[in-house]
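Student: Could you pick one part of this protein and take me through it closely, step by step? After that, I'd like to hear about the empty spaces too.

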Amino acid sequence: MYLENITGPEDVKKLSLEQLQSLAGEMREALFHRLTHTGGHFGPNFGVVEMTIAMHYVFESPKDKFVFDVSHQTYPHKMLTGRAYGYLDENRFHEISGYSEPSESDHDIFTIGHTSTSVSLATGLAKGRDAAGKTGNVIAVIGDGSLSGGEALEGLDYAGEMNSNLIIVVNDNEQSIAEIHGGLYKNLTELRESNGTASNNLFRAMGLDYVYVEEGNDIEKLIAAFEQVKDIDHPVVLHIHTQKGKGYELAETNREDWHWCMPFDRETGKPTMTFEGEDYGSLSGELILDKMAKDKSVVFVTAAVPGSVGFPKENRDKAGEQYIDVGIAEEQAVAMCSGIAKNGGKPIFGTNATFIQRTYDQYSHDVCINQSPVTTILNYTSVWGLNDVTHLGIYTISMLSNIPNLIYMAPTNKEEYLVMLDWSIEQQEHPVIISMPGNGVIGAKYPVAASYDDVHTYQMCEQGEEVAVLALGDFFQMGQEAVSEIEKKIGKKVTLINPRYASGLDEKMLESLKKDHRVVVTLEDGILDGGFGQRVASYYGASDMKVLNFGLKNDFYDRYDAAKLLEENHLTKDLIAEDVCAILQK
């Protein structure tokens, strides 16, 4: 084997062309070895094996600096920079992040997990190099899907007026996560069909030099192309046409399904881990499609992640023109939804919580100041959601719930979620964000409201005394368990409240608790700083009420174990009960 002897890029340079081609085969086998066990980004990595080999053969990382957009195509890069053990040795899989990670290697310049950033970062690296009087190439790698993001276009626009070395590798595999959307892809098609000679050229229009390589999975031709642009004294786009999922027929023909995968059986392609029962994505899709069939003004908008919010291919086909994918352009999605709402439509924006932080200004300025009744569904807002440091959704409550006019709803169960979603789509008064619960689809134990017109009113589920537990969203079931444990310890019935909203206070109910309660406990699935609990604590600040806030410490967590993290933050029924009793005994 060649791969097991690669300790760094210098070893790649020693290989012949024939040996490099064998190395490519070994790297794909290593990808299979890891991904069949752990899952991860499949298609992007299989498609860039040859590109990565050629880059390390020609350039001199880390002096020459590589920036991988999204970094979900960095597995081959990691293999060639001393981290092949993370793909060959099952016992060391956990040592390697699925994303670019500087703590692992000097060959990774940034921690990156969001899209459309590489060109902007690379322009900064180039400016920093020039300002410091350094030398070396700066290479940004960006996929065609990522070009639809606003930051990518801003980066390209700025790069067009630079006068020093910058190499932008556009990896064009004719696919985003799902299908590509946007007018710029018409030009990429022109460029591919003309072998790069079309007079209509997006990149040249932005002032950039341009080179095209049709055979983007041919190591020899890629080496020649990289040697052509190495040490160039001005910005250039190297546009290469690759095959997403190359080397695995199922991934080549089903590119959306194989963008990311669960652990799977290589022979059949079927997941080896399956999840039974309902999920909130499917429930959302069913409800929205039903409303679309009855009301043509209902429109669902996503930004390249339709599958995670209930719109796989079959649902997109059913929705027709009532479904909109703006590409990787969340800012466009939110502002567009405001416009749809203002002109008679009923827009629903669905995405993953980790991407919503890029739209803060659009929610504040375009939606909430204008009081546009936009419904937003957020997936993975929970501690039980995505756990890579670049993909955390636990900051969502503190980030968004404090925007004026915005109603942030936190359902506790299936029935409540569906009624909240239906209500939000139909009401015309408020911008609304709804968090999908992260603790599975659970049925309602207590009555569910038929309407939420009376916003920021809480639900009294169990009336008790001495201690009141306000358990928000998918921490409600934890609150139920904590109430039971507290009751055992103090011998009294404890009050249990479902706040339903993270964005406001039910002052009438909070005031009533002063009569026969000494301690109020808040639970929330997010960081404490600026969150729901602190809002409640502030209300009681001038009173004798003791308030205990339970949530997560404000930090960046990476590849954590959710159970351990909850325990570290006293988010278990036993630790909550212990803390409450300690207060009562003072």
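Tutor: Let's begin with a sheet, move on to the helices, and finish with the empty spaces and one glycine.

Before we start, note that this is a predicted model, in which local features need pLDDT of at least 70, side-chain atom pairs count only at pLDDT 80 or more, and totals for chains, interfaces and linings use all residues. Residues are numbered from 1 along each chain as its sequence is written, and side-chain values use heavy atoms, with hydrogens and water left out.

Look for an open sheet of five strands, in the order β2-β3-β4-β6-β5, with parallel pairing. Strands here are DSSP runs of E with at least two residues, helices are runs of H or I with at least four, and both are numbered from the N terminus. Two strands pair if DSSP finds at least two bridges between them. The edges are held by β2 (65-68) and β5 (209-213); each has a single partner strand, so one side of each is left without a neighbour in the sheet. On average, neighbouring strands of this sheet are turned by 20° against each other, direction ignored. Now follow β5 to its partner: five bridges join β5 to β6 (residues 235-241), and the two run parallel. One bridge you can find pairs Val213 with Ile240 in β6.

Next, the helices. Helix α9 (residues 184-193) lies across β4 (166-172), β5 and β6, and runs at about 75° to β6. Such angles run from 0 to 180 degrees between N-to-C directions, using axes fitted to C-alpha atoms, for helices over the stretch in contact. Elsewhere, the axes of α7 (residues 118-131) and α8 (residues 150-159) come within 7 Å and cross at roughly 35°. From α7, the contact (heavy atoms within 4.5 Å) uses Val119, Ser120, Thr123 and Lys127, while α8 brings Glu151, Gly155, Leu156, Tyr158 and Ala159. Sorted by class, these are four nonpolar, three polar and two charged residues. Ala, Val, Leu, Ile, Met, Phe, Trp, Tyr, Cys and Pro count as nonpolar, Asp, Glu, Lys and Arg as charged, and the others, Gly among them, as polar.

Now for the empty spaces. On a 1 Å grid over the protein atoms alone, a cavity is a set of points where a 1.4 Å probe fits but cannot get out, and lining residues have an atom within 4 Å of a point. The whole structure has three cavities of 30 Å³ or more. The largest cavity holds about 120 Å³, a volume being the space filled by probe spheres set on the points, which are joined across faces, edges and corners. It is lined by 16 residues, and Thr381, Ile397, Ser435, Asp474 and Asp525 are the closest to its centre. Both α18 (396-400) and β17 (517-527) give two or more residues to this lining. Its lining divides into eight nonpolar, five polar and three charged residues. The second largest cavity holds about 40 Å³, and its lining includes Gly145, His181, Tyr185 and Asp325.

Finally, find Gly310 in the loop between β8 (298-302) and α14 (313-319). Gly310 is buried (under 20% relative accessible area, with a 1.4 Å probe and protein chains only), with a value of 3%. Not counting residues up to four places away in sequence, Gly310 touches Gly281, Ser282, Gly285 and Asn315.

Terms used:
1 Å grid on protein atoms, 1.4 Å probe; cavity = no way out; pocket = protein on both sides within 12 Å on 5 of 7 lines; lining within 4 Å. Buried < 20%, exposed > 50% of the residue type's maximum accessible area, 1.4 Å probe, protein only.
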